[in-house]
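Me: Before I rely on any of the labels attached to this assembly, I would like to see how each one is reached. Could you take me through the reasoning, label by label?

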4 protein chains.
Amino acid sequence: MRKLSEIEITEKIKELPSWTLTGQALEKDFHFKNFSLALAFIVRIGIEAEKLNHHPEIKNIYSKVSIRLITHDVQAITHLDFLLANSIELAYRS
Amino acid sequence: MRKLSEIEITEKIKELPSWTLTGQALEKDFHFKNFSLALAFIVRIGIEAEKLNHHPEIKNIYSKVSIRLITHDVQAITHLDFLLANSIELAYRS
Amino acid sequence: MRKLSEIEITEKIKELPSWTLTGQALEKDFHFKNFSLALAFIVRIGIEAEKLNHHPEIKNIYSKVSIRLITHDVQAITHLDFLLANSIELAYRS
Amino acid sequence: MRKLSEIEITEKIKELPSWTLTGQALEKDFHFKNFSLALAFIVRIGIEAEKLNHHPEIKNIYSKVSIRLITHDVQAITHLDFLLANSIELAYRS
């Protein structure tokens with residue numbers, strides 16, 4: 001997996017307007033009505049991560065789930081991070 | 001926990017029109033768009049069950065989750081089964 | 001996916017001595033110390049199922065998790081059922 | 001819920017030697033063999049949290065689950081944090 005260029009990232013992030021670029025990572029906070037819904041979403045993120053064999057950093061405080069995507073091998077954003085962001089976004093909307 | 005009378009059950013099930021009375025149990029099938037949503041719901045049911053310290057029979061086939069509620073100690077429906085049915089129903093709607 | 005022959009099934013099930021052949025399905029009951037461990041195992045089974053895009057029938061009563069594997073398209077056991085049985089078994093042992 | 005005194009915290013943390021006191025919180029990192037086991041543990045932590053109606057900060061990076069306990073209402077460690085630490089520890093050992 002190779003590090004994406006700034007131009008590639010700028011282009012790809014247009015399709016994910018609710019995600020933000022923070023340093024070398026893609027980030028988004030998801031807010032739910034309660035902890036149970038947040039935990040259920042973490043399980044669904046876990047499934048997507050295992051299917052891609054690429055895993056996010058997940059932080060949970062009560063009803064908030066914060067996702068941070070970075071490819072640790074290259075310490076940068078790669079194609080895999082965008083694939084996972086899209087899978088997570090799709091799961092969130094369904 | 002005591003077994004509820006037929007009159008009590010008839011009364012209480014009015015508030016749960018989507019549930020059916022099958023022999024000595026309360027039952028409902030939940031249908032989801034995919035397996036991931038079904039599994040997430042099972043996790044949420046599990047949380048409700050542990051909070052009440054009363055557990056359902058759960059059956060899952062792909063995107064379907066079938067719930068059967070009975071109080072095993074008395075082999076009949078008790079107040080606990082209706083409490084859990086209401087918790088599950090509430091979780092489903094949120 | 002094609003239905004496996006009796007000879008193929010007899011051969012393959014030798015590596016899964018704790019599973020039983022019941023009609024047209026592979027079955028195993030898993031017993032845990034409590035509901036929490038049973039639910040956690042269901043989540044792990046779910047991950048394996050999604051990775052293979054092949055899903056088991058899962059039944060849970062408190063601390064017991066019963067798995068039934070069959071390929072619904074052909075109403076018989078296929079290679080996929082053995083793949084999933086092996087994944088579930090591996091998850092159970094780790 | 002009232003903030004525990006330093007003496008109370010020093011006394012109580014003796015029973016949780018694998019947990020550390022970091023600023024105003026109780027912390028522990030749990031390491032697993034793979035992501036699937038880490039996610040299953042997060043589900044089990046979630047159950048304990050809901051039973052106590054007190055929730056941890058959970059951070060997950062692949063096979064590591066980091067827990068941070070603090071009572072947000074008082075921005076300090078209370079009896080609830082020790083109750084939850086004990087429940088999490090018990091779940092981890094079973």
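**Labels and their grounds**

Reply: Tyr62(B) is partly exposed, with 16 other C-beta atoms within 10 Å. The model is a predicted one, and Tyr62(B) is found in the loop between strand 3 (57–61) and strand 4 (64–69) of chain B.

Me: Why is Tyr62(B) called partly exposed?

Reply: A residue counts as buried with 20 or more other C-beta atoms within 10 Å and as exposed with 12 or fewer; the count for Tyr62(B) is 16, so Tyr62(B) falls in between and is called partly exposed.

Me: What makes Gln75(D) exposed?

Reply: Gln75(D) has 10 other C-beta atoms within 10 Å, and because the limit for an exposed residue is 12 or fewer, Gln75(D) is classed as exposed. Gln75(D) lies in the loop between strand 4 (64–69) and helix 3 (79–93) of chain D.

Me: What is notable about the phi of Tyr62(B), and what about the phi of Gln75(D)?

Reply: Most residues other than glycine have a negative phi. Phi of Tyr62(B), however, is near 50 degrees, a positive value in a residue other than glycine, and phi of Gln75(D) is likewise positive, near 50 degrees, again in a residue that is not glycine.

Me: How do you know which relation holds between chain A and chain D?

Reply: Chain A is superposed on chain D by a rotation of 180 degrees with 0.0 Å of shift along its axis, at an RMSD of 0.0 Å. That is the relation of a two-fold axis. Of the residues of chain A, Lys59(A) comes closest to the rotation axis, its C-alpha being at 2.2 Å, and Lys59(A) stands opposite Lys59(D) in strand 3 of chain D.

Me: Why is it said that the copies meet through the same surface?

Reply: Because 100% of the interface residues of chain A are also interface residues in chain D, the copies meet through the same surface. The contact involves 15 residues of chain A and 15 residues of chain D. Helix 2 (35–52) and strand 3 (57–61) of chain A each supply at least two residues of the side of chain A that touches chain D, and the largest share of that side, 8 residues, comes from helix 2 of chain A. By class, the side of chain A that touches chain D has 8 nonpolar, 4 polar and 3 charged residues.

Me: How do you know that strand 3 of chain A pairs with strand 3 of chain D?

Reply: Pairing requires at least two bridges; 5 bridges join strand 3 of chain A to strand 3 of chain D, so the two strands count as paired, and they run antiparallel.

Me: What makes strand 1 of chain A and strand 1 of chain D edge strands?

Reply: The open sheet has 8 strands in the order 1(A)-2(A)-4(A)-3(A)-3(D)-4(D)-2(D)-1(D), with antiparallel pairing. Strand 1 (20–22) of chain A and strand 1 (20–22) of chain D each pair on one side only, and they are the edge strands. Neighbouring strands of this sheet are turned by 25 degrees against each other on average, direction ignored.

Notes:
Residues are numbered from 1 along each chain as its sequence is written. Chains are lettered from A and ligands numbered from 1 in the order in which they are written. This is a predicted model: local features need pLDDT of at least 70, side-chain atom pairs count only at pLDDT 80 or more; totals for chains, interfaces and linings use all residues. Two residues are in contact if their C-beta atoms, placed from the backbone, lie within 7 Å. Helices (H or I, at least four residues) and strands (E, at least two) are DSSP runs, numbered from the N terminus. Ala, Val, Leu, Ile, Met, Phe, Trp, Tyr, Cys and Pro count as nonpolar, Asp, Glu, Lys and Arg as charged, and the others, Gly among them, as polar. Copies are superposed by least squares on the C-alpha atoms of residues with pLDDT of at least 70 in both. Axes are lines fitted to C-alpha atoms, for helices over the stretch in contact, and angles run from 0 to 180 degrees between N-to-C directions.
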